[in-house]
Amino acid sequence: MIWYLIRHDLRLRARELPKSWWLVPVFGVAIAVIAVVVLGFGQNRERFPVIGANTPLFLVITAVLAFAFTVMISTAIEGAVRGLFERNDLDLLSSSPAPSTAIFAARASSLATELFLGATLFLGLLPLVATYFGYWQFLGMFPALLAMSLIATAIGLLLTLVLVRSFGVRRTRIIAQVISSLVGAGVFLAFQLPNILNGGSSRNTATSFSQVFNQLSSINVNNPVFIPARATILEPIATLVFLVFAIGTLTVTVVLTQAWFVRGAQEALVVANKPIARGVQRPVRFNSGLWRVALQKEWRLILRDTTLLSRVLLQILYMVPSVFVFSRIGSNPTGAMGFQLGNLLAASAVLMVANLVMSLVRITLYAEDVPDLLASAPLQRGMMRRVKLAAALIPSFLFTSPMIIVSAINGSSGWVFATFAWLASAFSCAITMLWLARPIARAELFKPARGGEHWLSGLLQVLSMFAWLAVALGLESGAWWALVALGVGIITPLGVYLIARTRDSNLGYE
Amino acid sequence: MLSTTPALRLSHLEKRFGSTYAVRGVDLEIPQGQLYALLGPNGAGKTTTLRMIAGLLRPDAGNIEILGKSVVQDPKAAKQVLAYLPDDPMLYAKLTALEHLEFVSGLWGMPAVSAANDAELLLKKLGLWDNARQTCESFSRGMKQKLALAAALIHQPRLMILDEPLTGLDAAAARLVKDMLLEFVQNGGTVILTTHILEVAERLAEQIGIIAKGQLIAAGTLEELRAFSGETGSLEDVFLELTAVPA
């Protein structure tokens, strides 16, 4: 029974993956890499270098594993919420003769498999490369990742239950997504720290890292904290201990908490359906005018969907390092360190407004919940599209305008060009997205396989954004690349408009 | 006194999906102030016909006139007097009932003050007033259906197109909706509805049209349909006789 349920669960998880053409070449490359490793190992096998147990090596391995483990836990929470609550099949399974322990164990096992495969995808190349050079012991990373996946699954499931019981399913889903995004953003920002800090601080940062590393090097090499690291270099006892501990942790979690989980899931579903505050007997007041009520409706929908809102704001967070990098290039095309406030703000405003427009247009224009209602309303052709674009553009401009204002007040000579690029960047992205629009279910908006969004759309949005960034940074100095970028920035939305305006917008409403 | 302009006139209406005819050569005229039931087996073309009337699908051939206004040539004027209620209620999950009604009244350009008063009246009549400031995501299927009906009525249409309007309603709510539809018709409005519950059509509708394989195969009062089919029993018997697939 349990194998049947695991297979069923894995099939559902596989169907949630994007069906993309690039999976075929990725699979091909993976096969090629393994073939090269096998051949290389054959050539290097005479050397068989021995890896001695030493604290610095274990520290590096532990750091890599710790990073992977953090990502695994956040993924496990998301996966647990999805597997236990979003598929809505727990009632069906619970009402079947299948024992609840088997159902829960199957869910846990498939989640652990998903984590292990995900971790292997990102870290699997490291042991293969090491093996190619004869360090076959690093193949121990695979059992180590498996053990970590099992432990992360146990922790993820427990955290999910606690969160669901405390906050409900919907908020837990949001918390899981926010944690996942913050982990990703945190790691990304940590890697970009030297770029973010000014001048020669990258050297200072390296020095600080070195000091911390030296302090940690005093840890005894036999400290149990290094068991995962020892397992990674395939020390037999450490590998066995780590795997047994992981299997035991997940088994104990499943056996002891399965009833708790099933009850928690049922209660959570009931709580989710409970009505919220009763109607208040205040006088009813409506606003008048299509623009007013339609804008209000779009903004209410964005603000009340905390999942979408958090994703939009986190996208801005991801932009922070890029802003510093580009502003530095803008101050000195030779790439020397240091930036001016004006360039920093120009780069920030152009990048952020384009990103906000991209996210918000996707929400307002693409993810219309009830297109039939709009299509059946007596509106002029194109009216609702204009309202929805405005609903995306207005907050984007409001959010980023302080940067342009500060740039102007600061006396930055290029602020006029920056303002021009800021406006053009937003409108270019909006026009490109409008004319290559395809409807997307709101729940699919930020998933990897985004409901059939036109493949050209994303490419042109990014092209347009960077073109206007180049205009903002280089037009004042008359740099040749800024003029080229100006051409690209103008031609991109114009071309899309001329090609696509002859057909319907595909949105199901006008 | 009702105008003699028909509430709905379909002339040689056609719609194809690929090479398959969903609707083929449908001619129909429904006077104002009637409740008309459009019946047919699954896949007969009822919903496609209703979606063309509501302006959601463009016909491949033929014309649709709502109170003398062509849906194809003057969609804005035609839609102004039309309300469409599909079988799956068109609601925004994250808007409250009142906010949804405010948005719909804005779409139809209704004056804010009268729309707010009408919203309150409709919600009270439909038993949703206590839930007026709750988001629609917390509503049951029946509550959603009732709110969608309120949204259809708030812009004071003269023709209502309803696709399975009683789906998901309990007995009391179904009775309430039926009474509201009859009241709407008594006040001069016209209702066209589809339903699979033939007793509802038999009790409510003055005229009945039966559509099969995209064609209107019979239309008239129940007595006229009985005479046409040669079946003297209930509407269910008549319907089964007319739509029976020859052995």
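**A guided tour of chains A and B**

Begin with confidence in this predicted model: in chain A, select helix α9 (residues 193-196), where the mean pLDDT is lowest, at 58, and then helix α13 (residues 290-304), where it is highest, at 91.

Next, select residues 271-276 of chain A, a stretch in which the pLDDT is below 50. Beyond near neighbours in sequence, this stretch has 8 contacts in the model. Residues 333-338 of chain A should be selected after that; there too the pLDDT is below 50, and the stretch has 10 contacts beyond near neighbours in sequence. Where pLDDT is low, the predicted coordinates should not be read in detail.

Now display the whole of chain A. Its average pLDDT is 77, and 73% of its residues score at least 70. A cartoon view should show 20 helices and 0 strands. Of the 510 residues in chain A, 38% are buried. Consider also the contacts in chain A between residues at least 6 apart in sequence: 82% of these join residues at least 24 apart.

Finally, turn to the place where the two chains touch. The contact takes 30 residues from chain A and 36 residues from chain B. On the side of chain B that touches chain A, select α2 (75-80), α3 (97-107) and α4 (112-125) of chain B, the elements that give two or more residues to that side. Which of the elements gives the most to the side of chain B that touches chain A? It is α3(B), with 7 residues. Colouring this side of chain B by residue type should reveal 20 nonpolar, 8 polar and 8 charged residues.

How values were computed. Residues are numbered from 1 along each chain as its sequence is written. Chains are lettered from A and ligands numbered from 1 in the order in which they are written. This is a predicted model: local features need pLDDT of at least 70, side-chain atom pairs count only at pLDDT 80 or more; totals for chains, interfaces and linings use all residues. pLDDT is the predictor's confidence in each residue, from 0 to 100. Helices (H or I, at least four residues) and strands (E, at least two) are DSSP runs, numbered from the N terminus. Two residues are in contact if their C-beta atoms, placed from the backbone, lie within 7 Å. Ala, Val, Leu, Ile, Met, Phe, Trp, Tyr, Cys and Pro count as nonpolar, Asp, Glu, Lys and Arg as charged, and the others, Gly among them, as polar. A residue is buried if 20 or more other C-beta atoms lie within 10 Å of its own, exposed if 12 or fewer, and partly exposed in between; C-beta atoms are placed from the backbone.
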